[in-house]
Amino acid sequence: MTLGSHQTSIGKSQVHLTPRWLLDQLGPFDLDPCAATVRPWDCAAENYVEAIDGLAQPWKGLVWLNPPFDRRLIGRWLAKLAEHGQGIALVHARTETAWFRQIWTGADLILFLGHRVNFLRPDGSAQPANSGAPIALAGYGEGANRLRNSDLPGTLVTEWAA
Ligand SMILES: C[S@@+](CC[C@H](N)C(=O)[O-])C[C@H]1O[C@@H](n2cnc3c(N)ncnc32)[C@H](O)[C@@H]1O
């Protein structure tokens with residue numbers, strides 16, 4: 001899948017699950033507010049699925065946010081994490097988009113991964129195509145500390161003019 005088709009998908013599959021190695025590096029997390037309904041493992045202790053709409057629920061603790069890639073809605077997920085102030089968001093490094101402004105204005109730091117990522121299918125197998133673009137991990141509160149202390153290869157950006 002290309003970046004374009006992934007990022008602009010509206011009404012298409014949004015199930016691009018986080019690889020285990022990322023969760024092992026950065027977890028554990030208290031809440032995944034947009035968990036896959038069918039998933040190989042839980043990304044967090046508590047999991048909100050689409051049927052209960054994680055955007056409409058109260059968030060608690062350290063949040064793992066790999067949001068649905070609907071460009072009409074992704075900014076709302078990121079704004080809610082910024083307001084919550086504790087967690088990590090995984091997004092494509094589309095730094096020029098309107099929705100990425102939620103990260104520029106709300107995150108404490110950003111780790112730009114040095115390579116692309118193969119997301120997973122609901123059965124835990126890797127998607128054949130990689131993410132099609134670099135990945136950014138935005139840290140908030142304790143989430144920023146987790147990124148700072150991780151061994152993930154990439155570039156850690158801690159200061160910028162928003
Ligand atoms: C990119 S996947 C990430 C899944 C999981 N959080 C992970 O990191 O592996 C986004 C998921 O959000 C779910 N989703 C979409 N809209 C949602 C909503 N309003 N509330 C909760 N989950 C939702 C989809 O079912 C999809 O599995």
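Contacts between residues 24 or more positions apart make up 64% of those with a separation of 6 or more in the protein. The structure described here is a predicted model. Its fold contains five helices and seven strands, and the order of these elements from the N terminus is α-α-β-β-β-α-β-α-β-β-α-β. The radius of gyration of the protein is 14 Å, which agrees with the value near 15 Å that a compact globule of 162 residues would have. Along the principal axes, the C-alpha atoms occupy a box of roughly 40 × 30 × 30 Å.

Burial and surface composition were examined next. Of the 162 residues, 46% count as buried. The exposed area of the protein is about 7,600 Å², and 50% of this area comes from carbon and sulfur atoms. The protein carries 14 positive and 15 negative charges, and the mean positions of the two sets lie 7 Å apart.

The interior contains a largest nonpolar core of 24 residues, in which Trp 59, Leu 65, Leu 78, Val 91, Phe 100 and Ile 103 have the most contacts. At least two residues of this core come from each of strand S3 (63-65), helix H3 (74-84), strand S4 (87-92), helix H4 (101-106), strand S5 (109-113) and strand S6 (135-140). Among these elements, H3 gives the most, with four residues. The surroundings of Ile 103 illustrate how this core is assembled: with neighbours within four places in sequence left aside, Ile 103 is in contact with Leu 78, Val 91, Ile 110, Ala 138, Tyr 140 and Trp 160. A second core, separate from the largest one, has 20 residues, including Leu 23, Phe 29, Trp 64 and Ile 135.

Several loop positions were then considered individually, beginning with the N-terminal part of the chain. Gln 14 belongs to the loop that runs between helix H1 (3-7) and helix H2 (20-26). Its relative accessibility is 28%, so Gln 14 counts as partly exposed. Beyond residues up to four places away in sequence, Gln 14 touches Pro 68, Phe 69 and Asp 70. The C-alpha atom of Gln 14 is separated by 25 Å from that of Thr 105, a residue 91 positions away along the chain.

The loop after H2 contains a cis peptide bond, which joins Gly 27 and Pro 28 and has an omega of about 5°. Pro 28 itself is placed between H2 and strand S1 (31-32).

Two residues of the loop between strand S2 (46-47) and S3 were examined, of which one is Asp 53. The backbone of Asp 53 has a phi near 55°, a positive value in a residue that is not glycine. Asp 53 counts as partly exposed because its relative accessibility is 37%. Gln 57 is found in the loop between S2 and S3 as well. With a relative accessible area of 24%, Gln 57 is also partly exposed. Apart from residues up to four places away in sequence, Gln 57 touches Tyr 48, Ile 52 and Lys 80. Gln 57 and Gly 27 are 30 residues apart along the chain, and their C-alpha atoms are separated by 22 Å.

Ala 98 is situated in the loop between S4 and H4. This residue counts as exposed, because its relative accessibility is 68% and the cut-off for exposure is over 50%. A distance of 9.2 Å separates the C-alpha atoms of Ala 98 and Arg 71, which are 27 residues apart along the chain.

The loop between S5 and S6 holds Gln 127. Gln 127 has a relative accessible area of 15% and is therefore buried, the limit for burial being under 20%. When neighbours within four places in sequence are left aside, the contacts of Gln 127 are with Val 15, His 16, Asn 118, Phe 119, Leu 120 and Arg 121. Two of these partners, Val 15 and His 16, come directly after Gln 14 in the numbering, and Gln 14 lies in the loop between H1 and H2.

Terms used: Residues are numbered from 1 along each chain as its sequence is written. This is a predicted model: local features need pLDDT of at least 70, side-chain atom pairs count only at pLDDT 80 or more; totals for chains, interfaces and linings use all residues. Side-chain values use heavy atoms; hydrogens and water are left out. The radius of gyration is taken over C-alpha atoms; the globule rule is 2.2 Å times the number of residues to the power 0.38. Buried means under 20% relative accessible area, exposed over 50%, partly exposed in between (1.4 Å probe, protein chains only). Contact means heavy atoms within 4.5 Å. Accessible areas come from the Shrake-Rupley method with a 1.4 Å probe; for residues, only the protein chains shown count as cover. Lys and Arg count as positive and Asp and Glu as negative; His and the chain ends are not counted. The place of a charge is taken as NZ of Lys, CZ of Arg, CG of Asp or CD of Glu. A nonpolar core is a set of buried Ala, Val, Leu, Ile, Met, Phe, Trp, Tyr and Cys residues joined through side-chain atoms within 4.5 Å.
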